[in-house]
Amino acid sequence: MANRTLLRVLVPEMARNQTGNVATLIQRYLWQKQVAGLTVRRSLTGLADYTARQDNVLEDSAFNNDPLILEAVLPNEQLVQVLPTIKSMVERGEVTTIPEEADDKLKNNLSDYMNVKIFMKNVKQSDGKDDLDVVLNTLQEAGIDWVSVTKGIKGFGKEHKQYSPKFSFSKNVPVVIDIFMTEQQAQTLLPKLETAVTEGVVFKISASLVIKNEGEKH
């Protein structure tokens with residue numbers, strides 16, 4: 001039975017409370033509480049409170065005050081401990097929790113879809129291949145399409161070493177991979193994906209596929 005939950009916090013990059021920058025405070029707090037990992041991504045554009053449009057127009061991205069997405073997968077017992085403090089920190093923004101799908105449902109319901117999210121560092125394996133390449137090759141061989149990969153701007157992993165990479169897809173870059181697949185495909189692929197990820201978390205939730213249109217094959 002699943003006992004993990006995805007914690008997702010959305011806050012403006014420059015949002016502050018009485019103590020300091022909110023995103024920095026949340027990252028520091030989760031790090032101090034020994035949360036196993038955190039990925040922070042910057043939205044390119046978005047809608048803030050009262051549907052105010054936030055656009056990336058300044059050269060220094062931080063000053064655009066774009067929404068930051070902070071995500072961490074926590075055991076439910078740990079989530080209960082940290083959630084009240086996280087909520088108290090966020091005076092502007094959104095805090096959501098998404099429970100992981102239970103394994104018994106994954107085995108018994110083969111017609112629905114799963115959203116599989118992989119939070120990982122792009123580690124180079126012993127054979128010289130990057131984890132990201134191994135994951136994408138595994139999905140490609142299985143015929144999975146419409147897979148997105150986004151890069152985090154900072155975070156920390158299981159060793160609680162905080163990182164803020166400067167170069168795209170270096171070994172220290174936190175990466176989030178979003179995949180939709182049938183639950184039947186998930187049964188076969190999840191063990192392979194978990195093996196391919198040297199440092200990170202493979203997280204799954206139920207989803208409904210509304211539409212998927214394939215363009216003309218070139």
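**Close-up views of a predicted model**

Buried residues make up 43% of the 218 residues in this chain, which is shown here as a predicted model.

**View 1. The whole chain, with its helices and strands.** The chain is built with five helices and 12 strands. Among the contacts in the chain with a separation of 6 or more, 77% are accounted for by residues 24 or more positions apart. The surface that the chain exposes comes to about 12500 Å², and carbon and sulfur atoms supply 50% of that area.

**View 2. Helix α1 and the elements around it.** At the N-terminal end of α1, N21 acts as a cap, with a side-chain oxygen that lies 3.2 Å from the backbone nitrogen of A23. A23 is itself one of the buried residues of α1, a set that also holds V22, L25, I26, Q27, Y29 and L30. The buried residues of α1 pack against several strands, namely β1, β2 (38–42), β5, β9 (154–156) and β10 (162–163), and also against helix α2. Just after α1, the chain reaches Q34, which takes a positive phi of about 65 degrees.

**View 3. Helix α2 and its kink.** Helix α2 covers residues 76–89, and because each of its 14 residues is taken at 1.5 Å, the helix should span 20 Å, which agrees with the 20 Å between its end C-alpha atoms. Within α2 there is nevertheless a kink of about 40 degrees at V82, shortly before the proline P84. V82 is also among the buried residues of the helix, together with Q78, L79, I86 and M89. The buried residues of α2 pack against α1 (22–32) and against the strands β1 (4–12), β5 (67–75) and β6 (94–99).

**View 4. The lysine K117 in strand β7.** K117 is found in strand β7, which runs through residues 113–121. Its relative accessible area is 9%, and because buried means under 20%, K117 counts as buried. The side chain of K117 is joined to the side chain of D178 by a polar contact of 3.1 Å. Leaving aside residues up to four places away in sequence, K117 touches L6, R41, E71, I177, D178, V201, V202 and F203. D178 therefore appears both in this list of touching residues and as the partner of K117 in the polar contact, since a polar contact is a pair of N or O atoms within 3.5 Å and the pair here is at 3.1 Å.

Methods. Residues are numbered from 1 along each chain as its sequence is written. This is a predicted model: local features need pLDDT of at least 70, side-chain atom pairs count only at pLDDT 80 or more; totals for chains, interfaces and linings use all residues. Side-chain values use heavy atoms; hydrogens and water are left out. Helices (H or I, at least four residues) and strands (E, at least two) are DSSP runs, numbered from the N terminus. Buried means under 20% relative accessible area, exposed over 50%, partly exposed in between (1.4 Å probe, protein chains only). A polar contact is a pair of N or O atoms within 3.5 Å; within protein, one must be able to donate a hydrogen and the other to accept it, and residues adjacent in sequence count only if both atoms are side-chain atoms. Contact means heavy atoms within 4.5 Å. The expected span of a helix is 1.5 Å times one less than its number of residues. The bend at a residue is the angle between axes fitted to the seven residues ending there and the seven starting there. Accessible areas come from the Shrake-Rupley method with a 1.4 Å probe; for residues, only the protein chains shown count as cover.
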